[in-house]
Amino acid sequence: MDLTPYVDTLRRELAVAAEAGGDEARELAEKLTAPLEAAARLTLLDALSAAMDEVTRELAPGSVDVRLRGLDPDFVVTPPPAEPFTARTPPPADGDEDGTTARVNLRLPAHLKARAEEAANRDGLSVNAWLVRAVSAAIDTGSGTGTRPRTTEQDRTAGHGITGWAR
């Protein structure tokens, strides 16, 4: 960001004010221009830095930093990391009575997460919307029946093995 136009405006305003004071004031204004330019740049940098601190607080865990390049500030934006689920509220599922949502943190094994992302992409949905549909479908298939979730034969036999020595 080029601060020169802002500093030039300050310089012009000082010259206009000095004109009203006569020759002595004009000479004094000319002598003060260089030190005031440096002070103006520092003040503008301080204001920009304070503003970016506020932006960073709102953007957390992302950030915006002000860096000085030569005489002018540069802004470096670090966006927050992408969340596995969209922060937007998904459309209510069929049968949802009031349309409210609740946040759930779900940790999937990496291979399952990759498969869920692929399925969501195939359906043209976000992972969050795809998961809402999948959970809704799973609940609806056993809804009101009191049945347990479907299990595979391997799940049913897990933990029923025999250990030890046999002759």
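This report walks through the fold, helices, salt bridges and surface of a predicted model.

## Overall fold

Let's start with the whole chain. The protein chain holds five helices and two strands, and reading along its sequence gives the pattern α-α-β-β-α-α-α. The two strands are E1, covering residues 63-69, and E2, covering residues 72-78.

Of the 167 residues in the chain, 14% count as buried. About 13,600 Å² of the protein chain is exposed, and carbon and sulfur atoms supply 55% of that area. Taking contacts between residues at least 6 apart in sequence, 40% join residues at least 24 apart.

## Helix H1 and its end

Helix H1 runs over residues 4-21. How far should its 18 residues span at 1.5 Å a residue? The expected figure is 26 Å, and the end C-alpha atoms of H1 are 26 Å apart, which agrees. Just after H1 comes Gly22, with a positive phi of about 95 degrees.

Within H1, Arg11 and Asp8 meet through their side chains in a salt bridge, at 2.9 Å from N to O. Because Arg11 and Asp8 are three residues apart in helix H1, about one helical turn separates them. Arg11 is partly exposed at a relative accessible area of 33%, and Asp8 is also partly exposed, at 24%.

## Salt bridges across the model

Side chains of opposite charge can pair when their charged atoms come close. A search of the whole structure turns up eight salt bridges. One of these joins Arg26 to Glu19, whose closest N and O atoms are 3.1 Å apart. Arg26 counts as partly exposed at 26% relative accessibility, and Glu19 is partly exposed with a relative accessible area of 48%.

Another salt bridge pairs Arg41 with Asp72, with 3.4 Å between the closest N and O atoms. Arg41 belongs to helix H2 and Asp72 to strand E2, so this pair ties together parts that are 31 residues apart in sequence. Is Arg41 buried or exposed? With a relative accessible area of 11%, Arg41 is buried, while Asp72 is partly exposed at 22%. Which residues join Arg41 and Asp72 in a network of salt bridges? Asp8, Arg11 and Glu37 are linked with them.

## A nonpolar patch on the surface

Now for the outside of the model. Leu10, Leu28, Leu32 and Leu36 make up a nonpolar surface patch, and together they have about 320 Å² of accessible area. Which helix gives the most to this patch? Helix H2, residues 23-59, does, with three residues.

Leu10 sits in helix H1. With a relative accessible area of 40%, Leu10 is partly exposed, and this places it over the 30% needed for a patch residue.

## Ser63 in strand E1

Strand E1 includes Ser63. At 18% relative accessibility, Ser63 counts as buried, because the cut-off for that class is under 20%. Leaving aside residues up to four places away in sequence, Ser63 touches Thr56, Val76, Val77 and Thr78.

## Helix H3 and its two faces

Helix H3 takes in residues 110-123. At 1.5 Å a residue, its 14 residues should span 20 Å, and the end C-alpha atoms of H3 are indeed 20 Å apart. The buried residues of H3 are Ala116, Ala119 and Ala120. They cover an arc of only 100 degrees around the axis, which puts them on the same side of H3. On the face turned away from that buried side are the exposed residues Ala110, His111, Arg115, Asn121 and Arg122.

Ala119 is worth a closer look. This residue of helix H3 is buried, with a relative accessible area of 8%. Ala119 and Trp130 are eleven residues apart along the chain, and their C-alpha atoms are separated by 7.8 Å. Just after H3, Gly124 adopts a positive phi of about 70 degrees.

How values were computed:
Residues are numbered from 1 along each chain as its sequence is written. This is a predicted model: local features need pLDDT of at least 70, side-chain atom pairs count only at pLDDT 80 or more; totals for chains, interfaces and linings use all residues. Side-chain values use heavy atoms; hydrogens and water are left out. Patches are made of residues with over 30% relative accessible area and no salt bridge: like charges are joined within 9 Å, nonpolar side chains (Val, Leu, Ile, Met, Phe, Trp, Tyr) within 5 Å. Accessible areas come from the Shrake-Rupley method with a 1.4 Å probe; for residues, only the protein chains shown count as cover. A salt bridge is a side-chain nitrogen of Lys or Arg within 4 Å of a carboxyl oxygen of Asp or Glu. Helices (H or I, at least four residues) and strands (E, at least two) are DSSP runs, numbered from the N terminus. Buried means under 20% relative accessible area, exposed over 50%, partly exposed in between (1.4 Å probe, protein chains only). Contact means heavy atoms within 4.5 Å. The expected span of a helix is 1.5 Å times one less than its number of residues. The arc is that of the directions from the helix axis to the C-beta atoms.
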